[in-house]
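User: Could you take a close look at one part of this structure for me, the place where consecutive helices pack against each other? I'd enjoy a connected walk through the contacts and whatever surrounds them.

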Amino acid sequence: MATATDAVDVAPHATVWDADGVPLYTLYGEQARATDAEFIHIEDIQSRSHLYDWGIGLHTHRGLFQLVVMQDGGARVQLDGRTIDTVAPCAVVVPPAVVHSFQFRPETQGVVLTVAEALLFDGTSPRSRPLFEALFVSPCVLDLSGDPQGVRRMAALLDHLMMEFRWPQLGRDLMCEWLVRGVLLLLERCRAAAIGPSSAPERVRTELFARFRALVEAHFTEHWLVPRYADALGITESRLNRLCRQLANRSAFEVVQDRLLLEAQRRLIYIAAPVSLIAYELGFQDPAYFNRFFKKLTGKTPAAFRRQARGE
């Protein structure tokens, strides 16, 4: 279930860096927070960028998919070393772990949508997932000027999503998830129309990655090792790791660990059960090992995470 987080401050924090020395943020200028692994966040471009003189420096997000839709204005965008000058209407697609930056034209109008990648691949919507899987292959900038009707429909969904995000109502979490999937499907239509039919190798990679995600969804609580996933897919372990690096910028092991962590966080937030019981339900034979696993990936013990997430 998605958690639509509240508006967040932008006070300075100690910066976290990735292995290449690039700042690692949840949202630009912010440290990772308790519910990072399962959230949807939406805000207008101005609310954050004007605080930084319309410039968002090089940074990356782990496990988060970001979509920047510009309806007026434009920006100079860096995506994994490529510099692209964009003019509205356009959409910038930033898959997880891509190093990126924005220098917006002053007063640029648009929306920034951030969603946890694991939320979109958690098995709750198996029919919709393959339809926008290709969006996660590589970063890109989509020119939307040739599809004014599609731009209007996407803008309407984003406006609705913004309203749901800001004013909680019955079923807000589900509504936000449905609206996000609607936006991504419209965006995938634009992407597919712009590039034409996918090449055979690209389709093979995308479909294989989707099969891997499906296996992870079915067996992550069984703690399958990476070689077992590779055997089930009929490929070598090295090929599976290359595939994950190409499409998710994560190793196969990290993809599995991310899914296990997401489920742990969800249960700690939404299920009133002892941490030890949650550990057993997630396939950990020793609660102490679950504690070490959780703290290694989040910096917090499961109990501390639960208290923070609940505002205790």
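Analyst: Happy to. A word on the terms first: helix axes here are lines fitted to C-alpha atoms over the stretch in contact, and their angles run from 0 to 180 degrees between N-to-C directions. Please keep in mind that this is a predicted model.

With that in hand, start at helix α7 (residues 237-248) and helix α8 (residues 252-270): their axes come within 8 Å and cross at roughly 65 degrees. Angles of 65 to 115 degrees count as roughly perpendicular, so α7 is roughly perpendicular to α8. On the α7 side the contact is made by Leu-240, Asn-241, Cys-244 and Arg-245, and α8 answers with Ala-252, Phe-253, Glu-254 and Val-255. Sorted by class, the α7 contact with α8 has five nonpolar, one polar and two charged residues.

Now turn to the other partner of α7. Helix α6 (residues 226-233) has an axis that comes within 8 Å of that of α7, with a crossing of roughly 95 degrees. That angle makes α6 roughly perpendicular to α7. Here Val-226, Pro-227, Tyr-229, Ala-230 and Leu-233 of α6 meet Glu-237, Leu-240 and Asn-241 of α7. The residues of this α6 contact with α7 divide into six nonpolar, one polar and one charged. Leu-240 and Asn-241 take part in the contact with α6, and they also appear in the contact with α8.

Just before α6 there is a backbone detail that may interest you. His-223 sits in the loop between α5 (200-219) and α6, and has a positive phi of about 60 degrees although it is not a glycine. Most residues other than glycine have a negative phi. With a relative accessible area of 28%, His-223 is partly exposed.

The aromatic side chains add to the picture. The structure holds nine aromatic pairs. In one of them, Trp-224 and Tyr-229 form a tilted pair, 5.2 Å centre to centre with 55 degrees between the planes. Both Trp-224 and Tyr-229 are buried; Tyr-229 is also among the α6 residues that meet α7. Another of these pairs joins Phe-284 and Phe-293, whose ring centres are 5.2 Å apart and whose planes lie at 45 degrees, so this pair is tilted. Phe-284 counts as buried at 2% relative accessibility, and Phe-293 counts as buried at 7%. These two belong to one aromatic cluster formed by Phe-284, Tyr-289, Phe-290, Phe-293, Phe-294 and Phe-305.

For comparison, here is a charged residue in another helix. Glu-164 lies in helix α3 (residues 148-166) and is buried, with a relative accessible area of 9%. Leaving out residues up to four places away in sequence, Glu-164 touches Gln-169, Arg-172, Met-175, Cys-176 and Leu-179. Glu-164 and Leu-179 are 15 residues apart in sequence and 9.5 Å apart in space, C-alpha to C-alpha.

Finally, the setting for all this: the chain has 11 helices and 10 strands. Of its 312 residues, 51% count as buried. Among contacts between residues at least 6 apart in sequence, 70% join residues at least 24 apart.

Notes
Residues numbered from 1 in each chain as written. Predicted model: local features only at pLDDT ≥ 70, side-chain atom pairs only at ≥ 80, totals over all residues. Heavy atoms only, no water. Phe/Tyr/Trp six-rings, centres within 6.5 Å; stacked < 30°, edge-to-face > 60°. Buried < 20%, exposed > 50% of the residue type's maximum accessible area, 1.4 Å probe, protein only. Helix = DSSP H or I, 4+ residues; strand = E, 2+ residues; numbered from the N terminus. Parallel < 35°, antiparallel > 145°, perpendicular 65-115°, else oblique. Contact = heavy atoms within 4.5 Å. Nonpolar A, V, L, I, M, F, W, Y, C, P; charged D, E, K, R; others polar.
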